[in-house]
Amino acid sequence: MNHTTRKWSLRLVVTLYLGLLVGLPVGYLFIEAFSHGFHAFWVEVTKPDAIAALKLSAEVALIAVPVNTLVGVGAALVLARRKFFGSRALTLAFDIPVAVSPIIIGVALVLAYSRIGWFGSWLSTHGIQILFSPVGIVMATMAVSLPYVLRSVLPVLIEVGKDQEDAARTLGAGAFRTFWQVTLPAIRWGVLYGVTLTIARTLGEFGAVLVVSGNITGKTQTLPIYIYDAWDQNYDTVGAFAGALVLASISIVALIILSTLRARERKLHVDLA
Amino acid sequence: MSISLSHLTKRYGDDAVVDDVNVEIAEGSLTAVLGPSGSGKSTLLKLIAGLENPDEGRVVIEGDDVTDIDPRHRDIGFCFQHYAPFRHMNVARNIGFGLRVRKQPKNVIDAKVAELIELVRLDGKSKSFPAQLSGGERQRMALARALAIEPRVLLLDEPFGALDAQVRAELRQWVKELHQQIKVTTILVTHDQDEAMEVADQLLIMHEGRIEQAGEPTELYERPATEFVHRFLGPTTMFKGVSVRPHDLELVAPSEGAIEGTVQSVMELGFEVQATIALSDGSTPWVQMSRNEFRILNVGVGSAVSIRERI
């Protein structure tokens, strides 16, 4: 096989592989969601239950993403810049929620916060309800999206090293200025990448949320659960496809924005060296 | 004294990387800390800057005990081995960083930055990003950034380590000139004895965390206090059981009352020629001489020669 044939056959294999796994299903999603025309699609996505589900998902993301970003960046800074006893155990703890099935996270949360557990019963005697409420959904979502920011930022921090921060210190900069003007610009792509993954995971989480939410339509139903219900319980295929398309579009748009920004930055030669 | 270090000690575990260092550094001097890698010289520099905290001892700068003071308040200019440029800032913003921290007015900052850009010969590069600069240019930018805050002390960690030979030679000459121009007390760390001898007016030789000897370069070269300093500051060879400088030996025609031997190998390095001589006692000292001396001798590999110490 000569060089050109090999190059093209490799491309064909990759394209076929991606096509079967990503292209075909996502393409079908578009086609089916609009199979009864744009009007039918619009009616489906503006149904009160669909709107309520979208709103809840957005609210959960608005809490979970910033919190996990702060926690992730903070933990990455501590782990990259300080050596302490138990740092490896801490890194491991961050990975557990994505290493196990989301269902297990959900069940574990139910065990811990329902009246079965001592903490849950203590909470309920004080009138605090975590399960079957948006609080539980936020907790489950934060748990399953916990390590993405940390995992995207930690290697960048280690790669960039401590010298720029030390230089800023000798020039008189305090911790706050050093973080905003030196550390953060150096790790911003890692942070943005982590945030994008966190958004995608947060909006998409199904299993853990299903277990803790109780699936109350219009109240504790997030978008993925709404889609599942439409598909499985209500035989509303257009509704399911329409919801799925909205969900998929948000994540795809987030990824496109990220890669566009990054490409523009590359052109400016700023990120090289 | 500009900098005085007393009983300065830094341990990592049980290992003392800097071990009871006592040094006085004169105002306006250019001191080179010279030692093999792992001798603790970079750690010593970081202890002075406050980037590492000592386990024992004090750091005094211009009479102020700064041992417990954060690096940001020490007024020290520090140049890192790999320059540590702020990659997302252009040259002008890098140089002006310390002045912005000090809340100087914009026109003052601009004027100072322009002056420094000229001083470090980066004219026309003020809008360039570090990624667009050569190694030497990055080094000069880092120097300007450190000088911008008008530091009491300038510390340079292996300043020429990552540059190719020619840029290195130019830059060290330039640093020497710059120091004569601005006279800020400077300490530079290096493992290269030629570099230290050429640039510095004072030398500190470090070995296993301790200061082996301190003084002027010629003094140390001529009167090394320890075997280590002697070996470290220049080439040595064993002759009559003692270690001597190969340029303190000479070859003469056989049988002139000197020790006889045969030329084992000859290496011609441009102006310099190194000849290794095999003696009857089995030792093989080598002799360093000029090309002319070697030509006049008219010998080659296998020739019988005599070897003696120069008078």
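1. Chain A is built from 13 helices and 0 strands (helices are DSSP runs of H or I with at least four residues, strands E runs with at least two, numbered from the N terminus). Bear in mind that this is a predicted model, where local features need pLDDT of at least 70, side-chain atom pairs count only at pLDDT 80 or more, and totals for chains, interfaces and linings use all residues. Residues are numbered from 1 along each chain as its sequence is written, and chains are lettered from A in the order in which they are written.

2. The C-alpha trace of chain A spans about 70 × 65 × 35 Å along its principal axes. Of its 273 residues, 37% are buried (20 or more other C-beta atoms within 10 Å of the residue's own, with C-beta atoms placed from the backbone).

3. Now the inside. The largest nonpolar core (buried Ala, Val, Leu, Ile, Met, Phe, Trp, Tyr and Cys residues joined through C-beta atoms within 7 Å) has 135 residues, with A:Ala76, A:Val212 and B:Ile95 among those with the most contacts inside it. Helix α3 of chain A, residues 48-81, gives the most to this core, namely 13 residues. Apart from it there is another core of 12 residues, including B:Phe239 and B:Trp286.

4. Have a look at A:Val212: beyond its neighbours within four places in sequence, its contacts include A:Gly106, A:Leu131 and A:Ala140 (contact means C-beta atoms, placed from the backbone, within 7 Å).

5. On to the interface: 18 residues of chain A touch 21 of chain B. On the chain A side, α9 gives the most, with 6 residues.

Technical notes. Two residues are in contact if their C-beta atoms, placed from the backbone, lie within 7 Å.
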